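Welcome! Let us go through this protein by asking why its parts carry the labels they do.

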Amino acid sequence: ALPICQMSASRLQHIQGHLSSGECKSMSASPDSPLTTHILNTASGLPASGVQLQLSRLDVPTQRWVVLTTSSTNFDGRCPGILSPERFTVGTYKMRFETGEFWKQQCQASFYPYVEIVFTILDPGQKYHIPLLLSPFSYTTYRGS
């Protein structure tokens with residue numbers, strides 16, 4: 001039998017899947033976003049749903065990060081409409097995933113309280129996919145298609 005906290009997390013994920021519209025919960029979400037992400041919990045082989053994330057762009061003159069949007073992954077571990085094509089420009093971006101909170105909700109200890117992926121966009125006309133393969137003690141990312 002599963003521990004109570006795992007049962008609760010499993011039930012919550014199931015309910016979230018029914019309530020989710022299939023798109024991320026971002027105020028600037030666009031179904032044709034040139035930027036997408038997908039998180040897979042490699043410890044279980046399942047999508048990581050409900051992971052909070054934040055997308056920022058580096059303001060070159062001030063060298064400070066400007067938050068563009070915040071969101072969370074859907075029942076399938078995806079957030080397909082993070083940013084509209086109009087707001088997606090040449091620059092350096094940072095996607096921050098709140099992984100520690102995700103693992104806490106899974107009743108699991110983890111080594112990384114968050115994961116930040118910094119990447120450069122040279123051609124905003126292209127599609128960019130940022131996958132995150134996640135376990136409690138490691139993570140991997142790459143530019144997907």
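Q: What makes the link between β3 and β4 a hairpin with an unusual turn residue, and which residue is it?
A: Strands β3 and β4 form a hairpin with 4 residues between them. The residue in the turn is Q63, with a positive phi of about 60°. Keep in mind that this is a predicted model.

Q: How do you know that β3 and β4 are paired?
A: Two strands count as paired if at least two bridges are found between them. Strand β3 (residues 52-59) and β4 have 8 bridges, so they meet that rule, and the pairing is antiparallel. As an example, Q54 has T70 in β4 as its bridge partner.

Q: Why is the phi of Q63 worth pointing out?
A: Most residues other than glycine have a negative phi. Q63 is a residue other than glycine, yet its phi is positive, near 60°. Q63 is found in the loop between β3 and β4.

Q: Why is Q63 called exposed?
A: The label "exposed" is for residues over 50% relative accessibility. Q63 has 52%, so it counts as exposed.

Q: Which residue in the loop between α2 and β6 has a positive phi too?
A: That is C107, which is not a glycine and has a positive phi of about 60°. The place of C107 is in the loop between α2 and β6.

Q: Why is C107 called partly exposed?
A: Buried means under 20% and exposed means over 50%, with partly exposed in between. C107 has 35% relative accessibility, so it counts as partly exposed.

Q: What makes β3 and β5 partners, and in which sense do they pair?
A: At least two bridges are needed for a pair. β3 and β5 have 5 bridges, so they are partners, in the antiparallel sense. Here L55 stands opposite M95 in β5.

Q: How do you know that β5 and β6 pair as well?
A: Strand β5 (residues 91-97) and β6 have 7 bridges, which meets the rule of at least two, so they pair, and they do so in the antiparallel sense. Y93 has F119 in β6 as its bridge partner.

Q: What is the order of the strands in the open sheet?
A: The open sheet has 4 strands in the order β4-β3-β5-β6, with antiparallel pairing.

Q: Why are β4 and β6 said to stand at the edges?
A: β4 (64-72) and β6 (115-121) each have a single partner strand, so one side of each has no neighbour in the sheet. From one strand to the next, the twist averages 20°.

Q: Which elements make up the whole protein?
A: The protein has 2 helices and 8 strands. From the N terminus on, they run α-β-β-β-β-β-α-β-β-β.

Q: How many residues count as buried?
A: The cut-off is under 20% relative accessible area, and 39% of the 145 residues count as buried.

Q: What is the volume of the second largest cavity, and how many cavities are counted?
A: The count comes to 2 cavities of 30 Å³ or more. The second largest has a volume of about 30 Å³.

Q: What lines the second largest cavity?
A: The lining residues are G50, V51, Q52, E98, E101, F102 and Q105. Helix α2 (residues 99-105) gives the largest share, 3 residues. By class, the lining has 2 nonpolar, 3 polar and 2 charged residues.

Definitions and conventions: Residues numbered from 1 in each chain as written. Predicted model: local features only at pLDDT ≥ 70, side-chain atom pairs only at ≥ 80, totals over all residues. Heavy atoms only, no water. 1 Å grid on protein atoms, 1.4 Å probe; cavity = no way out; pocket = protein on both sides within 12 Å on 5 of 7 lines; lining within 4 Å. Points joined across faces, edges and corners; volume = space filled by probe spheres on them. Nonpolar A, V, L, I, M, F, W, Y, C, P; charged D, E, K, R; others polar. Axes fitted to C-alpha atoms, helices over the stretch in contact; angles between N-to-C directions. Buried < 20%, exposed > 50% of the residue type's maximum accessible area, 1.4 Å probe, protein only.
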